[in-house]
Amino acid sequence: MICLQNIVWPEETLVSPTTLYFRTTDRRPVVREGAETCLPAGQKLSFDTYFNAFNFQKWHRLCGLDRVLLDVELLGEVHVRLIYASSGGARTCVDDITLEHRQPATLERMVTLADVPDEQGLLYLEIEALSDAVIGHARFKCDLKPLNAPKLAICITTFQREAQVEETCKRLEGLLQQTGDALSAHVFVVDNGRSAKVQSSSHLTYLENKNLGGAGGFARGLIEAEDAGFSHCLFMDDDASFHMENIVRAYAFLAFAKGGRAALAGAMISNRRRWRLWENGATFNLWPRRQFRGTDLRSMPQILDMEADREAEEAPTRYGAWWFFAFPISAVRHHPYPFFVRGDDVNFGLLNQFEVATLNGVVSFQDDFQEKTTPQNIYLDVRHGMVQHLTCKQLKNNPFIVWYIAAQTITDCLLRMHYDSARAVLLAWHDVLNGPESFLDNLDMKRRRADIAGLYSMELLSSNQRPHDVLLQQQRSNWLQIGLAVLSFNGHLMPFYRAISVSSAIPFAHRFKTERYLGVGEMEVVGAESSYVVRHCKRSFVSILWQSTRLAVRLLFSHRRLTSRYRARLDEMTSKDSWRRWLELD
């Protein structure tokens with residue numbers, strides 16, 4: 001009997017709205033005592049939520065399951081209902097039972113596919129306490145024989161985040177000790193910084209590694225998993241900012257998944273809004289396209305719409321981000337491309353053509369990537385975006401598409417007066433045009449990081465000298481200034497623009513909103529503790545525009561030859577043997 005999904009409860013370390021876990025109309029708090037939940041008489045809990053609803057139709061479609069077993073431990077007099085919420089809005093009671101137990105006892109109810117409506121929807125549990133009651137475990141299980149017997153390698157890459165990875169290892173070891181033989185898994189910690197105080201054990205192997213970025217760390221983890229005979233691999237972040245239930249559900253999915261290319265991608269919730277989805281899977285076309293971004297996970301109708309969307313699930317360029325991505329090793333034809341960081345997960349997913357699924361509740365809590373964006377990250381983003389189209393055959397590839405990735409980013413940077421970032425794009429463009437050899441020359445990115453650091457003239461963070469709120473009360477552009485800015489590429493084509501523009505400020509999280517820079521000659525980008533100032537500069541504008549034109553002409557005449565160079569060396573650049581050599585494992 002394999003557990004498919006446990007009911008998840010809020011954790012102190014993962015603070016998020018309780019409506020992501022359960023709903024109640026009762027104002028009394030839900031009391032947790034260890035592994036038990038105490039309900040006073042009259043309190044009702046409904047689990048029609050993101051973390052705890054069960055997608056029966058998806059498990060049937062992807063794994064062939066035609067029945068599941070509800071298993072709930074209860075004490076007291078309770079009214080239990082199983083309800084199917086259809087994507088169209090209807091709710092159907094599948095099972096309804098009232099029972100009383102003076103000692104803890106287990107309720108088991110089998111639900112078959114014939115018991116639920118033949119449409120997309122979610123199955124969920126509802127429990128009402130008719131007297132003071134206690135809920136122990138609650139889970140969905142399956143008595144069918146799994147198609148696979150996963151031997152799962154959990155691969156973590158870390159770099160100078162000692163506290164986070166040490167805490168993650170404790171949590172993972174606790175999970176593996178608790179689940180025993182029910183979960184055949186082993187943890188590989190790949191330490192690119194060689195600084196974590198992690199000890200190897202029966203459940204965990206600690207590996208010091210040459211720092212070739214996230215790509216090198218996960219390539220090392222994959223090599224170790226292959227050499228040790230594991231059947232499946234899970235790439236995950238070093239801070240494990242998710243419920244350990246993620247791994248339980250991923251393991252069950254891998255055990256039952258049909259087809260040899262089935263993979264599971266974890267969703268992401270923004271740390272700034274811990275009820276709002278950042279992505280639930282992603283596709284790639286010019287840039288990563290985050291699926292279902294902005295979905296309010298407190299809303300059952302929005303959850304139902306997301307879970308019913310087959311078109312998103314079957315998108316041909318779908319991939320899984322490496323904060324949580326589980327896949328069969330037998331499907332791997334290409335190891336990670338040596339991007340160092342950024343884009344390695346995209347390329348890995350597209351080249352290996354995994355059939356990427358998601359499950360509600362399998363999710364990580366992360367900072368928004370926009371909060372981490374620097375000229376170096378913009379360099380990495382543009383570089384990988386151009387290379388994806390040059391290497392992946394399922395993506396359109398012509399000179400205009402590759403040019404557009406760089407040109408659009410430069411245009412945005414110039415409008416926002418972020419000239420340092422625009423110069424980083426030029427450097428990325430130059431490196432891509434130099435072919436795959438530029439990656440081999442910069443495997444550890446030391447020289448390129450120094451080059452990019454040398455580009456900084458304005459976008460250097462410094463401590464705020466004034467209170468955050470005062471900075472943000474600065475002047476905004478008027479309609480005349482905005483109109484002139486629109487007609488003159490934000491003043492770059494207008495003489496004496498600084499004389500009619502204003503000085504303003506913008507919160508760090510909004511610094512990519514181009515419209516906020518129109519009519520502004522000087523903008524202070526303000527964080528909680530630091531800020532930087534960008535200023536209008538025609539000389540920088542003309543220099544960047546001239547260099548962009550030269551690179552565009554070079555791309556136009558070399559595109560066909562460049563594509564051939566990248567694809568001719570693709571197998572070599574993504575081979576296990578190459579990574580063994582680069583990581584100095586032989």
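# Buried sites, helices, cores and cavities in a predicted model

Q: Where does His243 lie?
A: In this predicted model, His243 lies in the loop between S12 and H4.

Q: Why is His243 called buried?
A: The relative accessible area of His243 is 2%. Buried means under 20%, so His243 is buried.

Q: Which residues does His243 touch, leaving out those up to four places away in sequence?
A: His243 touches Val8, Trp9, Glu11, Leu14, Tyr21, Phe51 and Arg171. Arg171 is itself one of the buried residues of helix H2.

Q: What makes Ser86 buried?
A: Its relative accessible area is 1%. The cut-off is under 20%, so Ser86 counts as buried. Ser86 is found in strand S5.

Q: Which residues touch Ser86, not counting those up to four places away in sequence?
A: They are Pro117, Glu119, Gln120, Gly121 and Leu304. Asp118 is 32 residues from Ser86 along the chain, and the C-alpha atoms of the two are separated by 9.1 Å.

Q: How do you know what length to expect for H2, and what does H2 reach?
A: H2 has 18 residues. The expected span is 1.5 Å times one less than the number of residues, which gives the expected 26 Å for H2. From its first C-alpha to its last, H2 reaches 26 Å, close to that expectation.

Q: Which residues of H2 are buried, and what covers them?
A: The buried residues are Val165, Thr168, Cys169, Arg171, Leu172, Glu173, Leu175 and Leu176. Their cover includes strands S9, S10, S11 and S12, and also H4. An α-helix has 3.6 residues a turn, so residues three or four places apart point the same way.

Q: What follows H2?
A: H2 is followed by Gly180, with a positive phi near 60 degrees.

Q: Why is H3 called largely enclosed by the rest of the structure?
A: Twelve of the 15 residues of H3 are buried, so the helix is largely enclosed. The buried residues include Gly213, Gly214, Phe218, Arg220, Leu222 and Ile223. H3, residues 213-227, reaches 21 Å from its first C-alpha to its last, close to the 21 Å expected. Gly229, with a positive phi near 85 degrees, follows H3.

Q: What is notable about the phi of Arg194 and of Arg342?
A: Arg194 has a phi near 55 degrees, a positive value in a residue other than glycine. Arg342 also has a positive phi, near 70 degrees, and is likewise not a glycine. Arg194 is found in the loop between S10 and S11, while Arg342 is in the loop between strand S19 and helix H7.

Q: How many residues does the largest nonpolar core have, and which have the most contacts inside it?
A: This core has 98 residues, and Leu123, Ile247 and Phe253 have the most contacts inside it. Strand S5, residues 67-86, gives the most to this core, with ten residues. A second, separate core has 58 residues, including Leu286, Tyr337, Tyr532 and Phe541. In soluble globular proteins, nonpolar side chains tend to be buried together.

Q: Which residues does Leu123 touch, not counting those up to four places away in sequence?
A: Among them are Ala53, Phe54, Val68, Leu82, Tyr84, Val111 and Phe140.

Q: What makes a space a cavity, and how many of 30 Å³ or more does the search find?
A: In a cavity a 1.4 Å probe fits but cannot get out. A search of the whole structure finds two of 30 Å³ or more. The largest has a volume of about 60 Å³, and the second largest about 30 Å³.

Q: Which classes of residue line the two cavities?
A: The lining of the largest cavity has one nonpolar, two polar and five charged residues, with Lys58, Asp309 and Arg318 among those that line it. The lining of the second largest has four nonpolar, no polar and four charged residues. S5 and strand S6 each supply at least two residues of that second lining.

Q: How much space lies in the second largest pocket, and which residues are closest to its centre?
A: About 960 Å³ lies in this pocket. Of its 34 lining residues, Asn6, Leu175, Gln178, Glu245 and Val248 are the closest to the centre. The lining divides into 20 nonpolar, eight polar and six charged residues. Strands S1 and S8 and helices H2 and H4 each supply at least two residues of the lining.

Methods:
Residues numbered from 1 in each chain as written. Predicted model: local features only at pLDDT ≥ 70, side-chain atom pairs only at ≥ 80, totals over all residues. Heavy atoms only, no water. 1 Å grid on protein atoms, 1.4 Å probe; cavity = no way out; pocket = protein on both sides within 12 Å on 5 of 7 lines; lining within 4 Å. Points joined across faces, edges and corners; volume = space filled by probe spheres on them. Helix = DSSP H or I, 4+ residues; strand = E, 2+ residues; numbered from the N terminus. Nonpolar A, V, L, I, M, F, W, Y, C, P; charged D, E, K, R; others polar. Buried < 20%, exposed > 50% of the residue type's maximum accessible area, 1.4 Å probe, protein only. Contact = heavy atoms within 4.5 Å. Core = buried A, V, L, I, M, F, W, Y, C linked by side-chain atoms within 4.5 Å.
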